[in-house]
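Trainee: Could you take me through one part of this model closely, beginning with a helix and the strands beside it, and then follow the connections outward from there?

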Amino acid sequence: MDLQALLDDLAAEAAPFAAQGKVADYIPALAAVDPARFGIALATVDGQLFGSGDWRAPFSIQSVSKAFSLALVLAGDGETLWKRVGREPSGNPFNSLVQLEYEKGIPRNPFINAGALILIDRLLSQTGDSLGTLRAFLRAESGNPAVDLDPEVAASEAAHGHRNAALAHFMASCGNLENPVERVLDHYVRQCALTMSCADLAKAGLFLANHGLRADGSRLLTRSEAKRINAIMLTCGTYDAAGDFAYRVGLPGKSGVGGGILAVLPERGVLCAWSPALDLHGNSVAGVEALDRFTTRTGWSVF
Ligand code: DON
C-alpha cells in the first residue's frame, strides 16, 4: 500500500470538510487559528513516518494531552486510580457540570474535563510537577526537544476557565482532590496549551500501538494497561460523539478542541490528523473525515 499517496489524497480532499466546522472560540486565543488548515501524519511501529499537508505545523494539543496523562498516572498508580474516576462514556459534553453532582464528585471517565483534572491532581501528587513530567515525556517520545506550551493560549484559557474552576471546586468539596484547586487548574491550562505537530503526536503515541513499550524500548505500561487505555480512548476519547467516532473510524481516538485527533492502529502505528474547525461536540470535522477515509480505504480498523 502506498501510504504516502493515501495521506496526500486525504489532505487534498479535506477542504470542504474543514469549511463545515467552526474554530473553538470559548478560549479566545484558539479563535485566531486559520480554520482551513489540515495536516495528517502516520508513525509506524517499525519506525517509518509519513505525512501530508500541515503535518509539521505545531498546534494546541488541548485534550489530546489527556491520553498521555492517563498513561503516566496508570504507570505510577495502577488500578487505584479507578477509585477516583470512572471509565464509562459520559454521553454529555466534555465540560458538563450536571453529571458530576449526581455522581458525588467522581467523574465519569478520565477524558472529560473533570476526569482530566483528577489525572493532573494525581500526577502532581506523584511527581510534584504534572506539566513538567508530561512535557519531558512528550519531548522524549516525539524526539522533539522543542515541545513546549504556548503561554498566550494558557493565559487565555485561565482567564476564561470558570467552568473548569467550578468542576475542580466541586470535586474538592467532595474530597476528591489532593492538591489545592488553583494549582491543579494552573497545571491543567498549561498542559492543554502544549503545542505539537501531527508528526510529534503520532510519534509520541507509539507506545499505545506497541503494547506499552516506549520509543527507547523500555516499558511504560503493561500490555494490559495499554489495552485498557486504548479501550477508554475508543469509548470516551471523543466525548459524546464517541459512538459515532467508533462507527465511522473504528479506532481508539483522542480529540482536542485545538482540532487534533490521535488515533491508534494497534501493532501498526499511530495516526494524527489536525484541522481546527470543529463539530458541535468539539471534534475536528475534517480530522474525523480523514480518519474515516483512512480506515475505509486501508481496512485497518480494530473491527
Ligand atoms: O478545558 C478545556 O475546555 C480545554 N482546555 C480542553 C478541551 C478539550 O480539548 C476537550 N475536547 N475536545
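**A helix across two strands, and what surrounds it**

Mentor: In this predicted model, helix 6, which spans residues 130-142, lies across strand 5 and strand 6, and runs at about 5 degrees to strand 6. Strand 5 and strand 6 (residues 194-196) are antiparallel to each other and are joined by two bridges, and within this pair L149 stands opposite L194 of strand 6. Both strands belong to an open sheet of three strands, in which the order is 4-6-5 and the pairing is antiparallel. Its edges are formed by strand 4 (59-60) and strand 5 (148-149), each of which pairs on one side only.

From here we can turn to a pair of helices. Helix 5 (residues 113-127) packs with helix 9 (residues 181-192) at an angle of about 110 degrees, and their axes are 9 Å apart. Since angles of 65 to 115 degrees count as roughly perpendicular, helix 5 and helix 9 are therefore described as roughly perpendicular to each other. On the side of helix 5 the contact is made by N113, A116, L117, I120, D121 and L124, and on the side of helix 9 by R183, V184, L185, H187, Y188 and Q191. Sorted by class, the contact between these two helices comprises seven nonpolar, three polar and two charged residues.

Two residues of that contact, N113 and Y188, lead on to the ligand. The ligand is surrounded by 14 residues, and the closest are Y26, Q62, S63, E157 and Y188. N113 places a polar side-chain atom 3.0 Å from an oxygen atom of the ligand. For Y26, an N or O atom in the side chain is 2.5 Å from a ligand oxygen atom, while for N164 the corresponding distance, again from a side-chain N or O atom to an oxygen atom of the ligand, is 2.9 Å.

The five-stranded sheet can be read in a similar way. It is open, its strands follow the order 3-2-9-8-7, and the pairing is antiparallel. Strand 3 (49-53) and strand 7 (253-255) stand at the edges with a single partner strand each, so one side of each has no neighbour in the sheet. From one strand to the next, the twist averages 10 degrees. At the strand 7 edge, strand 7 and strand 8 (residues 260-265) pair in the antiparallel sense over three bridges, and S255 has I261 in strand 8 as its bridge partner. Helix 1 (residues 3-13) packs on this sheet, where it touches strand 2 (39-44), strand 3 and strand 9 (269-274), and its direction makes about 25 degrees with that of strand 3. Helix 14 (residues 285-298) also packs on the sheet, touching strand 2, strand 8 and strand 9, with its direction at about 20 degrees to that of strand 8.

Terms used: Residues numbered from 1 in each chain as written. Predicted model: local features only at pLDDT ≥ 70, side-chain atom pairs only at ≥ 80, totals over all residues. Heavy atoms only, no water. Axes fitted to C-alpha atoms, helices over the stretch in contact; angles between N-to-C directions. Helix = DSSP H or I, 4+ residues; strand = E, 2+ residues; numbered from the N terminus. Parallel < 35°, antiparallel > 145°, perpendicular 65-115°, else oblique. Contact = heavy atoms within 4.5 Å. Nonpolar A, V, L, I, M, F, W, Y, C, P; charged D, E, K, R; others polar. Pairing = 2+ DSSP bridges. Near = heavy atom within 4 Å. Polar contact = N/O pair within 3.5 Å; in protein donor to acceptor, adjacent residues only side chain to side chain.
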